[in-house]
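The exercises that follow are meant to be worked with the sequence and the structure open side by side. Each task is followed by a solution in steps.

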Amino acid sequence: MSAGVGVDLEKLWIRFGDFVAVRDANVHINGGDFFSFLGPSGCGKTTILRAVSGFLEPSEGQVLIGGNNMKGIGPNKRPTALIFQNLALFPLMKVWENITFSMEVKGASAKERRKRADELLDMIALPDQGDKLPWELSGGQRQRVAIARALCAEPDVLLLDEPLSALDLKLRQHMRTELREIQKRVGITFIYITHDQGEALTMSDNIAVMRAGVIDQIGDGKTIYNDPATAFAASFVGENNVFRGTVKQVQSDTALISTNRSGDLLARVSSANQGKMKAGDDAMMFIRPEAFALAPVGAQGDHFVTATVTNEEFEGNAFNIFMEGEGGKEMKVSLPNLGQSFDSHKGQPMTLQYDVQNAVAMPAGDLATE
Amino acid sequence: MPRFLKEFFDRNGLGLGSVMLGLVLFWTIGLIILPQLSMLDFSFRPNLPPPEIGGPKDLYTMENYKYLVFGPEGGSQDYNAVDLKVFYRTLVAAIFVTIFNLILCYPIAYYLAQTKGNHIRIFALMLIIPYWINEILRAFALRIIFGETGVLNNLLVAAGIFDTPFDFVRNDIALYAALGYAYILLMIFPIYNVIESLDRNQIEAARDMGASWPMIHRRVVIPYAKPGISSGCTMVFMLSAGALAAPQILGGPSSLWFTQLIYQQFNDNSDWPQGAAYAVVLLVTCILLVLALMRLFKVNMGDIGK
């Protein structure tokens with residue numbers, strides 16, 4: 001496995017007229033990484049991809065691939081290959097011609113191309129399908145052909161623009177594993193664009209969370225899930241319960257936050273915000289549904305929450321309990337099904353406790369809209 | 001009743017269905033097939049004065065076709081060199097006009113189809129509006145431009161490019177320009193239609209994989225646009241080969257278009273059978289030529305309708 005070629009975005013700004021699509025992006029992507037840009041639609045992630053692939057010149061700043069400045073280098077001259085959201089296979093070319101188009105461009109003979117196509121078709125587990133036309137294949141097979149076509153160009157960096165979004169759920173989950181395996185096998189850098197946090201978390205070495213043209217946080221999946229840098233990252237990635245309040249007191253890496261309904265609650269200040277919070281500031285605190293545990297009703301303290309149960313759901317592996325949360329927002333609690341008897345609590349108050357390490361505090365900010 | 005007919009009547013009802021079907025049949029049979037068959041019939045008959053039509057002398061004959069090939073009986077030449085040459089030149093010129101139009105129109109159609117913005121609509125309008133002017137007027141306008149004392153010659157001489165005016169009309173340049181111009185839209189729009197539906201990502205994908213622009217057109221755009229290209233070429237070729245007004249007005253004095261010969265037979269010589277035979281030969285040759293080319297370029301008949 002080669003070390004792979006890294007990609008750097010330095011002070012990257014992309015504007016369309018007055019609209020700022022990407023604002024001062026600074027990203028270092030390690031060679032051989034599976035790197036995802038995660039964000040809602042319209043956050044500028046596809047724009048970044050187009051700037052890396054060369055279809056778009058940044059307004060300011062630069063794109064470096066393997067340390068080389070890509071300014072003025074067209075998409076046909078960059079060591080990148082792009083997999084489009086709709087795959088963009090050539091409908092009138094056979095599968096093997098599609099796959100080896102990049103070799104045809106360079107003038108390789110039909111025999112050479114056919115040989116390479118057969119190798120790649122073996123790799124994507126579609127042997128003997130080379131003479132078909134793209135429309136004769138299933139969605140998942142077309143997906144694999146698109147990957148083979150991009151890999152055939154032997155790019156240093158493979159760019160993927162939500163390539164799984166057109167597939168059904170089951171196939172999508174299967175393709176996640178497959179993509180990850182292919183990436184490990186070929187060892188090149190993958191840059192993956194998605195709005196699906198599940199995809200980003202399962203596949204990526206590192207993730208950049210984007211919102212409205214701004215990169216909120218860069219880190220591996222665990223860091224982003226457990227230690228979000230902004231309220232947006234906390235609410236966009238995975239399910240989360242938000243508690244709004246004001247900072248009462250900050251002590252080393254914890255903050256005591258006074259909330260309207262649940263009194264003063266203690267939380268760990270997220271790493272990115274240490275030293276940035278002081279008493280009197282508006283703050284937000286996030287606790288994941290699975291971070292709660294049942295506590296005796298009425299228990300008091302800085303890591304207990306009491307609220308009325310509004311609804312319950314049995315999911316098999318867990319009980320989902322919905323409660324009246326802070327500020328009218330519903331709070332979700334997920335308790336594992338360990339065979340305990342579980343009587344209905346609907347309409348009743350319930351007290352929950354949490355480990356302070358699992359509650360994250362940060363300055364108040366915009367939440368992801370569902 | 002075949003299934004498609006049954007479905008057709010189920011969908012439209014018996015009354016409306018019959019009216020629609022009747023109109024279509026009247027159009028194809030009454031207005032196209034029967035008149036053509038009658039022309040075909042004419043072409044095999046001798047040219048007789050009206051009282052003798054249907055009389056004992058009115059027998060089927062190959063005379064009219066022989067005339068095109070061999071000329072008048074007892075003529076000085078073995079072949080009807082004059083008419084055959086006109087026939088040949090008409091076909092070659094029509095092919096030339098078609099190729100010229102394709103080369104001119106493909107980039108325009110591609111640009112129109114793959115560019116977004118309001119200026120495209122204005123551009124398309126500028127292409128369409130001149131066609132509000134009728135064909136004869138347009139032909140005469142080109143005469144004014146291309147004539148010996150015309151605008152173009154005045155400009156060229158004034159600019160010092162030519163010493164003496166160039167005779168565009170005698171050299172058929174005016175005619176080719178007129179034919180090319182007359183059918184530009186018929187070439188642009190079928191190609192435009194197809195290219196407009198081409199996914200822009202395909203072009204970008206090809207570009208991303210290192211293809212140059214000529215390569216992208218050769219491997220991605222043109223194969224995709226083939227149905228549009230072939231229907232455009234078919235129309236332009238058929239219509240140029242069958243054009244009459246432009247050759248009448250802009251043709252040089254010595255260069256006849258085959259349609260003019262047909263016209264002369266019908267009109268000046270009042271020899272309908274002879275004219276019909278010439279027209280049939282032109283029609284059949286054009287159809288065979290188109291079919292042969294479609295076969296050569298692997299175009300299906302269904303594609304032409306796209």
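Two residues are in contact if their C-beta atoms, placed from the backbone, lie within 7 Å. The model is predicted, and every exercise below should be read with that in mind.

**Exercise 1. Describe chain B by its secondary structure, its extent, its burial and its contacts.**

Begin with the secondary structure: chain B has 15 helices and zero strands. Next, take the extent along the principal axes, where the C-alpha atoms of chain B fill a box of roughly 75 × 75 × 35 Å. Then turn to burial, for which the cut-off is 20 or more other C-beta atoms within 10 Å; of the 306 residues in chain B, 26% are buried. Finally, consider the contacts in chain B between residues at least 6 apart in sequence, of which 68% join residues at least 24 apart.

**Exercise 2. Characterise the side of chain A that touches chain B, by elements and by residue classes.**

As a starting point, 16 residues of chain A are in contact with 15 residues of chain B. On the side of chain A, the elements that give two or more residues are β6 (80-83) and α3 (101-105) of chain A, and the largest share, three residues, comes from α3(A). Sorting the residues on this side by class then gives 11 nonpolar, four polar and one charged.

**Exercise 3. In which order do five strands of chain A close into a barrel, and how does β13(A) pair with β20(A)?**

Following the barrel from strand to strand gives the order β11-β12-β13-β20-β14 in chain A, with mixed pairing. Neighbouring strands of this sheet are turned by 50° against each other on average, direction ignored. Within the barrel, strand β13 (residues 264-269) of chain A and strand β20 (residues 359-363) of chain A run parallel and are joined by two bridges. At the level of residues, Arg268(A) has Val360(A) in β20(A) as its bridge partner.

**Exercise 4. Is Ile147(A) buried or exposed, and which residues does Ile147(A) touch?**

First locate the residue: Ile147(A) lies in helix α5 (residues 139-152) of chain A. Then count its surroundings; Ile147(A) is classed as buried because 26 C-beta neighbours lie inside 10 Å. Leaving out residues up to four places away in sequence, Ile147(A) touches Ile83(A), Ile124(A) and Ile182(A). As a last step, compare positions along the chain with positions in space: Ile147(A) and Phe101(A) are 46 residues apart along the chain, and their C-alpha atoms are separated by 13 Å.

Definitions and conventions: Residues numbered from 1 in each chain as written. Chains lettered and ligands numbered in written order. Predicted model: local features only at pLDDT ≥ 70, side-chain atom pairs only at ≥ 80, totals over all residues. Helix = DSSP H or I, 4+ residues; strand = E, 2+ residues; numbered from the N terminus. Nonpolar A, V, L, I, M, F, W, Y, C, P; charged D, E, K, R; others polar. Buried ≥ 20, exposed ≤ 12 C-beta atoms within 10 Å, placed from the backbone. Pairing = 2+ DSSP bridges. Axes fitted to C-alpha atoms, helices over the stretch in contact; angles between N-to-C directions.
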